[in-house]
Amino acid sequence: QLVRLPASDGDTSSRPLLPDPAYELDYSPDGKWIAYTLFPEHTLWRCGINGGEAKQLTPASMEAHQPHWSPDGARIAFMGKRAGDGKRWRVYVVFSPDGSLDEALPDGDDQGVPTWSADGRSLIFGDLTPVVGFDRAAIHQLNLHTRVLSTITTPIGMWSPRMSPDGRYLAAVSYENKNLYLRDNLQRTWRKCVTMGFIEELVWPLNSSWIQFIGVPRAGERRLFRTSPACEQPREILDLLAYNFVGSTWIGIAPDHSPIGLVSIPDEIYAIDWRIRRILP
């Protein structure tokens, strides 16, 4: 089930969010729609904020991941791969609500999860499996109007970029997944924000006031953290070892700012007190 994850001490209760086993959610800027992938089919869907009007946006033959709404709420960008041998991961844009698909950049190596520029004119994505070596992983920007591809200058190899909804900051992870960097888009400067044993799954809330990530501060630990764009000391939100996550360990953010994830719900066991009564003729 897709559930809100409590942050209080020792509380492992959960509340279902959607009836379907959905994950990798992204909420539209106006808060009225949800884009998500369905587990285990990995098809892309869109539904209303309360789960109604659900519509499948990608064919069953395509595997889709990590959808993100455009700033105007008219399009959804995601990482997808069509069925067939030799197919690569590409960046796609699907128009909502008609569902027409556009392959943003058909050529090149595998492409990572896309994020939108603040004006909605460009997509920004990292290399998924760079052939030149992970230490040279780069962040690319594709202008959707001109189809011109450029590379964003970074201090070291980086990937997994995530643009803040207000467009002020671009977050990314270093190639070895040990450092979280933030780029001030006004100053065009990068700052090393957090260092841990492992960092992944960056996500911003709609108000851009902080960034959430999964971190491994010490061996044997796996926790959820949040930090501000000022790179203050990360605040621990949740011990993730208390949950059995389904699929990849994806953690998102609900509109009320609570963390959400797709978890395995244990089977329920029932006891029946059964007494046989003889019915006389």
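Let me begin with the exposure of Glu-53: in this predicted model, Glu-53 has a relative accessibility of 61% and therefore counts as exposed, the cut-off being over 50%. The residue sits in the loop that runs between S5 and strand S6, the latter spanning 55-56. Its backbone deserves attention as well, for Glu-53 is not a glycine and yet its phi is positive, at about 55°. As a general matter, most residues other than glycine have a negative phi.

A second residue belongs beside this one. His-257, also not a glycine, has a positive phi of about 75°. Its place is in the loop between S23 and S24. Is His-257 buried, partly exposed or exposed? With a relative accessibility of 29%, His-257 counts as partly exposed, since that class lies between the limits of 20% and 50%.

I remain in that loop for a moment and turn to Ser-258. This residue lies between strand S23, residues 251-253, and strand S24, residues 259-262. Ser-258 has a relative accessible area of 15%, and because the limit for buried is under 20%, Ser-258 is classed as buried. What does Ser-258 touch, once neighbours within four places in sequence are set aside? The contacts are Arg-4, Arg-226, Gly-252 and Ile-253. In addition, the side chain of Ser-258 makes a polar contact of 2.6 Å with the side chain of Asp-256. The C-alpha atom of Ser-258 is separated by 9.9 Å from that of Pro-205, and these two residues are 53 places apart along the chain.

The next topic is a peptide bond. Phe-39 and Pro-40 are joined by a cis peptide bond, with omega at about 5°. Pro-40 belongs to the loop between strand S4, residues 33-38, and strand S5, residues 43-48. By way of background, most peptide bonds are trans. Within the range of S5 we also find Cys-47, which counts as buried at 1% relative accessibility.

That brings me to the cysteines that are bonded. How many disulfides does a search of the whole structure find? The search finds one. Its partners are Cys-193 and Cys-231, whose sulfur atoms are 2.3 Å apart. This pair connects distant parts of the chain, 38 residues apart: Cys-193 is in strand S18, residues 189-195, while Cys-231 is in the loop between S21 and S22. The torsion about the S-S bond is about -125°, so the disulfide is left-handed. Both Cys-193 and Cys-231 are buried.

Finally, I come to the sheet. Four strands make up an open sheet, arranged in the order S19-S20-S21-S22 with antiparallel pairing. Why do S19 and S22 each have one side without a neighbour in the sheet? Strand S19, residues 199-203, and strand S22, residues 235-239, stand at the edges and have a single partner strand each, so one side of each is left without a neighbour there. On average, neighbouring strands in this sheet are turned by 25° against each other, direction ignored.

Inside that order, strand S20, residues 211-215, and strand S21, residues 223-227, run antiparallel and are joined by five bridges. Which residue of S21 is the bridge partner of Phe-213? The partner is Phe-225. The range of S21 also takes in Arg-226, and Arg-226 is one of the contacts of Ser-258.

Technical notes
Residues are numbered from 1 along each chain as its sequence is written. This is a predicted model: local features need pLDDT of at least 70, side-chain atom pairs count only at pLDDT 80 or more; totals for chains, interfaces and linings use all residues. Side-chain values use heavy atoms; hydrogens and water are left out. Two strands pair if DSSP finds at least two bridges between them. Helices (H or I, at least four residues) and strands (E, at least two) are DSSP runs, numbered from the N terminus. Axes are lines fitted to C-alpha atoms, for helices over the stretch in contact, and angles run from 0 to 180 degrees between N-to-C directions. Buried means under 20% relative accessible area, exposed over 50%, partly exposed in between (1.4 Å probe, protein chains only). Contact means heavy atoms within 4.5 Å. A polar contact is a pair of N or O atoms within 3.5 Å; within protein, one must be able to donate a hydrogen and the other to accept it, and residues adjacent in sequence count only if both atoms are side-chain atoms. A disulfide is a pair of cysteine sulfur atoms within 2.5 Å.
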